[in-house]
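Colleague: Before I rely on any description of this protein, I should like to hear how each term is justified. Please take me through the reasoning.

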Amino acid sequence: MAACCHSLNFQLLADSRGSHSLSLEATIGSDHCRMSLEEQYLECGRYCLFYSILLQVIVISVTALIGTALGLEKVRILHYFIILPPIWIITLLPISIGGFGVREGLFALFFAPLGVTLEQSTLLSLLSIFP
């Protein structure tokens with residue numbers, strides 16, 4: 001990925017009376033950069049997508065570490081990558097305030113076939129709200 005082109009120019013201007021003033025000019029994607037506005041938006045979109053995916057991977061990994069700390073050795077990291085995104089999407093539905101209760105129920109529902117008890121899944125849900 002190429003870096004975004006930004007330039008910041010300071011100019012010291014003198015008028016006919018001899019007084020000086022400082023001018024500041026900021027340019028994003030100037031001619032020397034040869035990037036159109038559309039290309040800049042696409043590049044920034046790529047950065048946002050990359051960091052968004054990276055953040056989701058980190059959150060899922062932290063939840064898996066919390067699960068390991070709770071003694072859920074039977075649940076593999078792949079299970080977390082499959083189970084957590086649908087839980088997050090369903091939690092966004094306006095069913096309850098902040099998704100509380102819904103998230104815990106979904107954790108219990110999705111982790112039960114993997115041998116996780118109700119108490120463990122509820123605790124995993126509560127501990128992984130703010131990883």
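**Aromatic rings, a pocket and cysteines**

Modeller: The count comes to three aromatic pairs, where rings of Phe, Tyr and Trp (its six-membered ring) pair if their centres lie within 6.5 Å. This is a predicted model, in which local features need pLDDT of at least 70 and side-chain atom pairs count only at pLDDT 80 or more, while totals for chains, interfaces and linings use all residues. Residues are numbered from 1 along each chain as its sequence is written, and side-chain values use heavy atoms, with hydrogens and water left out.

Colleague: What makes phenylalanine 50 and tyrosine 51 an edge-to-face pair?

Modeller: Planes under 30 degrees apart count as stacked, over 60 as edge-to-face and the rest as tilted. Phenylalanine 50 and tyrosine 51 have 5.1 Å centre to centre and 70 degrees between the planes, and the pair is edge-to-face.

Colleague: Why is the pair of phenylalanine 107 and phenylalanine 111 called stacked?

Modeller: Their ring centres are 5.5 Å apart and their planes stand at 25 degrees, so the pair is stacked. Both residues lie in helix α3 (residues 102-111), four residues apart, about one turn of the helix; helices here are DSSP runs (H or I, at least four residues), numbered from the N terminus. Ring pairs link Tyr80, Phe107 and Phe111 into a cluster.

Colleague: How do you know whether phenylalanine 107 is buried or exposed?

Modeller: Buried means under 20% relative accessible area, exposed over 50%, and partly exposed in between (1.4 Å probe, protein chains only). Phenylalanine 107 has 2%, so it is buried. Phenylalanine 111, with 0%, is buried, whereas phenylalanine 50, at 43%, counts as partly exposed.

Colleague: What places the charged end of arginine 103 over the ring of phenylalanine 100?

Modeller: The rule asks for NZ of Lys or CZ of Arg within 6 Å of the ring centre and within 35 degrees of the ring normal. The charged end of arginine 103 sits over the ring of phenylalanine 100, 5.1 Å from its centre.

Colleague: Why is there no bond between cysteine 48 and cysteine 44?

Modeller: A disulfide is a pair of cysteine sulfur atoms within 2.5 Å. The sulfur of cysteine 48 is 6.7 Å from the closest cysteine sulfur, in cysteine 44, and is therefore too far for a bond. The count comes to zero disulfides.

Colleague: How exposed are these cysteines, cysteine 48 and cysteine 44?

Modeller: Cysteine 48 is exposed, with a relative accessible area of 55%, and cysteine 44, at 35%, counts as partly exposed.

Conventions: Helices (H or I, at least four residues) and strands (E, at least two) are DSSP runs, numbered from the N terminus.
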